[in-house]
Every structure is written in structure tokens, then in C-alpha cells.
Amino acid sequence: MNARTPSPLARRLALGGFVAASLAFAPVAASAEEVVNIYTTREPGLAKPLFDAFTEKTGVKVNSVFVKDGLAERVKAEGEGSPADVLMTVDIGALLDLVDQGVTQKVTSDVLDKAVPANLRGADGDWFALSARARVAYTSKDRVKETAITYEDFADPKWKGEVCIRSGKHPYNTALIAAYIVHHGEAKAEEWLKGVKANLARKAAGGDRDVARDILGDICDLGLANSYYVGLMRSGKGGPEQEEWAKAINVVLPTFEGGGTHVNISGATVAKNAPNKDNAVKLLEYLVSPEAQALYAKGNFEYPVVPGAPVDPIIAAFGPLKVDTVDLVAVAKARKAATDLADKVGFDN
């Protein structure tokens with residue numbers, strides 16, 4: 001890592017403990033060891049196998065720091081002295097916030113451009129999707145016969161009192177509502193949200209896995225949740241109780257009318273002042289390699305973003321995924337409108 005002089009603000013924050021990563025990385029800066037420093041909002045345990053594999057393959061050591069909140073603010077406060085090379089998030093909105101805040105830089109890479117579909121990366125090379133998760137329907141194995149469902153169907157009165165879902169203002173649902181706005185406009189999205197709310201079996205709350213639990217408990221017959229939770233439950237990683245929840249559900253890949261299945265992404269960008277830019281690009285290129293994409297699929301039951309990469313058998317059993325081609329940037333920009341609509345209709349009340 002080449003030496004840079006931190007800004008006065010960054011120094012003061014570091015002394016105050018805010019920039020813990022800067023202090024943690026300091027010993028590495030004094031050595032000739034090849035490194036790449038990552039700030040990530042992804043839980044450390046989920047990313048570690050990928051980082052370990054990268055180090056084994058390239059010899060480049062990965063230093064990672066988990067940043068739950070305020071990632072952009074942290075990097076801005078550190079200024080030119082920031083040790084961050086790669087910034088990783090688990091939501092397209094959060095990823096684009098980094099770009100909008102001016103803490104990223106554009107990357108030119110034939111490897112990344114070839115591997116990642118155009119709708120899953122920034123047009124200027126300022127962000128790249130690394131894995132995807134689908135917003136799917138959990139249906140009662142015993143009480144629901146439908147094998148094809150649209151997102152629009154969730155507002156159909158035939159499901160009155162039968163729908164379970166987490167908070168409408170949770171990022172997973174905010175992104176889905178935003179995608180609905182992009183497809184149909186705010187007026188129709190509001191009408192849809194009112195319809196979904198009228199169909200709720202219980203208050204919109206809890207987590208995605210609670211949808212499967214409540215279907216088992218005959219509280220509801222239908223719900224919206226992320227695809228990878230099914231893998232966590234059915235694989236036994238969530239414990240024996242959650243295995244029973246998973247046995248009670250089927251999984252349907254919903255689509256928008258005239259569109260595909262809504263996905264959100266985990267992704268990454270190179271930090272604006274990356275002291276190890278070459279290694280940062282090398283890491284991103286590795287993360288879209290067949291080897292790394294297989295690790296994403298196996299480790300957290302996510303969909304690879306590289307066409308043709310293997311999908312975990314539990315997730316593959318849902319059937320072919322037709323990813324909605326709506327512009328993810330447009331979806332991210334519609335998030336505030338989505339949150340406002342959830343408030344307006346009192347979705348969580």
C-alpha cells in the first residue's frame with residue numbers, strides 16, 4: 001500500500017475510533033505484502049470463503065472491515081487517506097448511493113464487461129453486480145395449486161386474508177415496490193399496494209423466513225420472500241425447525257406482467273482513492289470468475305450473475321430464472337417514491 005497523508009478530519013476521526021479500519025490496516029502499509037482492503041456491508045462470514053480463495057489463487061491478502069451503516073460517510077470522512085480499495089454492498093440502492101456520493105471511481109476491464117451482463121453493471125464501469133437474489137413467492141404446499149403467479153396477483157382479492165410479508169419499508173420490499181413503479185407508474189403502484197395490504201393475513205412485519213413459518217402455521221397461504229432463504233432452510237443451515245418450515249412451502253418465481261422476476265444484487269465498486277487499485281480490479285475480476293460464482297451459489301444460495309454459472313441444486317429446483325430486464329438504476333432512483341407510497345397507504349399499520 002503506498003503511503004498517503006490523511007486529511008485532518010480523517011486523522012481526528014481515526015483517533016476517535018471512527019476509522020477503525022485505517023488503524024487496523026496500518027501494519028500492512030509498512031510491509032511490501034500485496035494487499036487489497038475492503039469495506040463491506042455483507043456479513044463477514046458470508047464473504048470470507050471468497051476472500052480466502054482469492055488469496056490462495058493470487059497471493060494477495062484481503063483485509064476486510066464490516067461496515068453496517070454509513071459506508072459512504074465513512075469513506076468521505078477518511079478522504080484521500082482512506083485505505084479502502086473495494087466497497088461492497090448487498091443492495092443496488094446502497095451501491096448506487098456510493099456512486100452518487102462521489103466515493104467511487106470508474107473501472108475499465110474487458111474481463112468484467114464480458115462476464116457481467118450490461119443490465120447488471122454500470123454503463124461507465126462504476127459498479128458491478130456480483131450475485132443476485134430473487135424476490136419469490138412462497139406458497140402453501142397443501143393449500144395452493146397455482147404454479148404461475150405474477151407480482152400483480154398479490155393484490156387480487158382472491159388472496160384476501162392469505163398473504164404474509166415483512167415490512168413494506170424493508171429494503172427488500174422497497175426495491176420491489178420501486179420496480180413496480182418503474183413498470184406501471186406511481187398511481188398503479190399505490191393501487192397495488194392498497195390491494196396487497198387488504199390481502200394481508202397479519203401485520204407486515206418479521207423476516208422472510210417467518211413467511212414460511214406462518215404458512216406452516218396456517219396463518220397465510222402465500223407470501224413474498226427472498227430466494228436464498230429457502231436454501232438456508234432446506235439445507236439445514238437454519239436448524240431443524242426451519243427445515244420443517246421449508247417443507248411446508250413451494251416456491252414460485254413470479255414475474256411482472258410483460259416482464260421477468262425481480263432481483264436485487266450484491267455488488268462492488270472501486271473506491272475513489274484506492275491505494276491498491278490494481279489489486280482491487282483483480283479482486284473484482286476474480287469474483288466474476290466461474291470459481292467464485294460457484295462459491296457464491298454454494299455458500300449463500302445466491303444466483304450467479306455470470307450466464308451459465310452453476311446454481312445450487314436447491315435453488316435450481318425452482319425452475320429457470322427469467323430476470324426482469326428493467327433498469328436497476330431506475331429502480332434504485334424510485335426507492336424514495338416507494339417508501340413514500342408505503343407510508344401513504346399505511347402498509348405496515
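**Entry 1: the largest cavity**

I began with the lining of the largest cavity, which by class holds eight nonpolar and two polar residues and no charged ones. I note at the outset that I am reading a predicted model. The volume of this largest cavity comes to about 70 Å³, and a search of the whole structure finds two cavities of 30 Å³ or more. I then looked up the names in the lining, and they are Ile165, Gly168, Asn173, Leu176, Ile177, Trp192, Leu193, Val196, Leu224 and Phe347. Helix H7 and helix H8 (186–198) each give at least two residues to this lining.

**Entry 2: the second largest cavity**

I turned next to the second largest cavity, whose volume is about 40 Å³. Two or more residues of its lining come from each of strand E5 (128–140), H7 and strand E9 (263–271). The lining consists of Arg133, Arg135, Tyr172, Ala175, Asn226, His262, Val263 and Asn264. By class I count three nonpolar, three polar and two charged residues there.

**Entry 3: helix H7**

Since H7 supplies residues to the lining of the largest cavity and also to that of the second largest, I looked at this helix on its own. How far apart are the end C-alpha atoms of H7, and what span should its 14 residues have? Helix H7 runs over residues 171–184, and at 1.5 Å a residue it should span 20 Å, which agrees with the 20 Å that I find between its end C-alpha atoms.

I then asked how much of the helix is covered, and found that ten of the 14 residues of H7 are buried. The buried ones are Tyr172, Asn173, Thr174, Ala175, Leu176, Ile177, Ala178, Ala179, Tyr180 and Ile181. Among the residues of H7, Asn173, Leu176 and Ile177 belong to the lining of the largest cavity, while Tyr172 and Ala175 belong to that of the second largest. Just after the helix, Gly185 takes a positive phi of about 95°.

**Entry 4: the largest pocket**

I moved on from the cavities to the largest pocket, which has a volume of about 860 Å³. Its lining is made up of 35 residues, and those that lie nearest the centre are Thr41, Lys68, Val90, Asp91 and Pro171. The helices that each supply at least two residues of this lining are H4 (71–78), H5 (92–100), H7, H9 (208–216), H10 (228–234) and H16 (335–344). When I sorted the lining by class, it divided into eleven nonpolar, ten polar and 14 charged residues.

**Entry 5: the annotated pair**

Which residues does the UniProt annotation "binding site" cover? The entry, which is unreviewed, places this annotation on Tyr228 and Tyr229. Both Tyr228 and Tyr229 are part of the lining of the largest pocket.

I looked up each of the two in turn. Tyr228 lies in helix H10, and because its relative accessible area is 8%, under the 20% cut-off, I record Tyr228 as buried. Leaving aside neighbours within four places in sequence, I find Tyr228 in contact with Arg133, Tyr172, Asn300, Phe301 and Ile315.

Tyr229 also lies in helix H10, and with a relative accessible area of 11% Tyr229 is buried. Not counting residues up to four places away in sequence, Tyr229 touches Tyr138, Arg166, Tyr172, Asp208 and Arg209. I note that Tyr172 of H7 appears among the contacts of Tyr228 and among those of Tyr229.

**Entry 6: positive phi outside glycine**

Phe301, one of the contacts of Tyr228, sent me to its backbone, where phi is positive at about 55° although the residue is not a glycine. Phe301 is found in the loop between helix H13 (290–300) and strand E10 (303–304). Is Phe301 buried or exposed? At 4% relative accessibility, Phe301 counts as buried.

I also looked up Asp218, a residue other than glycine with a positive phi near 60°. Asp218 lies in the loop between H9 and strand E7 (222–226).

**Entry 7: a distance across the model**

Last, I took Ala47, which lies in helix H3 (residues 44–58) and counts as buried at 1% relative accessibility. From Ala47 to Lys188 I find 39 Å in space, C-alpha to C-alpha, and the two are 141 residues apart in sequence.

Note on methods. Residues numbered from 1 in each chain as written. Predicted model: local features only at pLDDT ≥ 70, side-chain atom pairs only at ≥ 80, totals over all residues. Heavy atoms only, no water. Helix = DSSP H or I, 4+ residues; strand = E, 2+ residues; numbered from the N terminus. Expected span 1.5 Å × (residues − 1). Buried < 20%, exposed > 50% of the residue type's maximum accessible area, 1.4 Å probe, protein only. 1 Å grid on protein atoms, 1.4 Å probe; cavity = no way out; pocket = protein on both sides within 12 Å on 5 of 7 lines; lining within 4 Å. Points joined across faces, edges and corners; volume = space filled by probe spheres on them. Nonpolar A, V, L, I, M, F, W, Y, C, P; charged D, E, K, R; others polar. UniProt positions renumbered as here; feature names shortened; annotations may be inferred. Contact = heavy atoms within 4.5 Å.
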